[in-house]
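Please look over the structure below before reading on. The questions that follow move from the whole chain to its sheet and then to its core.

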Amino acid sequence: MKRQFNVLPILLGVGILVASCGNSKSGDGAESDKEQETGISDVVKSVSNLDNLNDGAKKLEELQAKLKPEKPLSSDELKAFLPESLDGLKRTSYSAGSVYGAGVISGEATYSADSQKDIKVSVLDGAGETASAIVGLAQMGFMMDSEKITDNETEKTGEFEGKRAKTTDTKGVEGSVSKSSEISYLEKDRYLITVRGNGYSLDELKGFLGKLNVSALK
């Protein structure tokens with residue numbers, strides 16, 4: 001069975017960089033102090049993201065060279081990372097197999113508190129030629145600082161709990177949208193992990209990160 005994972009493409013990072021570069025405006029008249037400050041801030045952020053992009057490109061090459069010859073996790077090792085319970089929540093579903101072609105191994109498990117709340121944990125092993133490219137692109141995406149805020153949702157990429165990560169925090173709207181959150185990051189520079197909480201805020205979800213059995217990931 002094929003499944004789709006939220007991998008962060010480098011084009012997204014480049015798009016953010018270009019957009020932030022374009023925010024600096026000029027005109028015939030004098031700009032306000034606020035506009036000048038905003039322009040300077042955008043330039044500083046753009047330079048920072050360019051440095052991160054260069055660092056990310058180097059890390060992509062290093063990661064691919066390191067992970068290409070590695071052997072993917074076995075079924076038993078996947079199950080050890082996705083055990084029958086997580087912080088008291090029972091595992092209610094489990095699936096594992098190959099995605100994106102031969103040799104790209106992934107697994108996913110759902111842990112349910114009740115019919116309204118659950119935690120989904122997915123892992124993609126970066127071992128092998130194809131998987132190392134996927135993980136490398138994800139790493140480059142995590143290197144790009146970005147932030148998007150709407151009335152109901154905050155999406156960020158940057159430092160989170162000591163890691164480079166992408167986080168999403170969606171506020172609940174009574175009668176239409178349930179609160180939810182998501183954290184995606186690399187573990188041990190090899191495993192692309194996504195933890196999603198349906199019915200959980202980001203603050204609540206991050207408490208589950210320390211409960212993950214990362215020791216099962218070699």
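**Surface, sheet and core**

In this predicted model, the protein chain has an accessible surface of about 12100 Å², and carbon and sulfur atoms account for 49% of that surface.

Q: Which elements make up the protein chain, and in what order do they run from the N terminus on?
A: The protein chain holds five helices and nine strands. Read from the N terminus on, these elements follow the order α-α-α-β-β-β-β-α-β-β-β-β-β-α.

Q: Which strands stand at the edges of the sheet, and why is one side of each left without a neighbour?
A: The nine strands form an open sheet with antiparallel pairing, in the order 1-2-3-4-9-8-7-6-5. Because each edge strand has a single partner strand, one side is left without a neighbour in the sheet, and the strands concerned are strand 1 (85-86) and strand 5 (146-149).

Q: What angle does the direction of helix 4 make with that of strand 8?
A: Helix 4 (residues 129-143) packs on the sheet, where the strands it touches include strand 4 (117-125) and strand 9 (191-198). Strand 8 (180-187) is also touched by helix 4, and the two directions make an angle of about 115 degrees.

Q: Which residues touch the most other members of the largest nonpolar core?
A: Nonpolar side chains tend to be buried together in soluble globular proteins. Here the largest nonpolar core has 27 residues, and helix 3 (75-81) and helix 5 (202-206) are among the elements that each supply at least two of them. The members that touch the most others are Phe81, Ile119, Val121, Ile193 and Leu212.

Technical notes
Residues numbered from 1 in each chain as written. Predicted model: local features only at pLDDT ≥ 70, side-chain atom pairs only at ≥ 80, totals over all residues. Heavy atoms only, no water. Pairing = 2+ DSSP bridges. Helix = DSSP H or I, 4+ residues; strand = E, 2+ residues; numbered from the N terminus. Contact = heavy atoms within 4.5 Å. Axes fitted to C-alpha atoms, helices over the stretch in contact; angles between N-to-C directions. Core = buried A, V, L, I, M, F, W, Y, C linked by side-chain atoms within 4.5 Å. Buried < 20%, exposed > 50% of the residue type's maximum accessible area, 1.4 Å probe, protein only. Areas by Shrake-Rupley, 256 points an atom, 1.4 Å probe, with all protein chains shown as cover.
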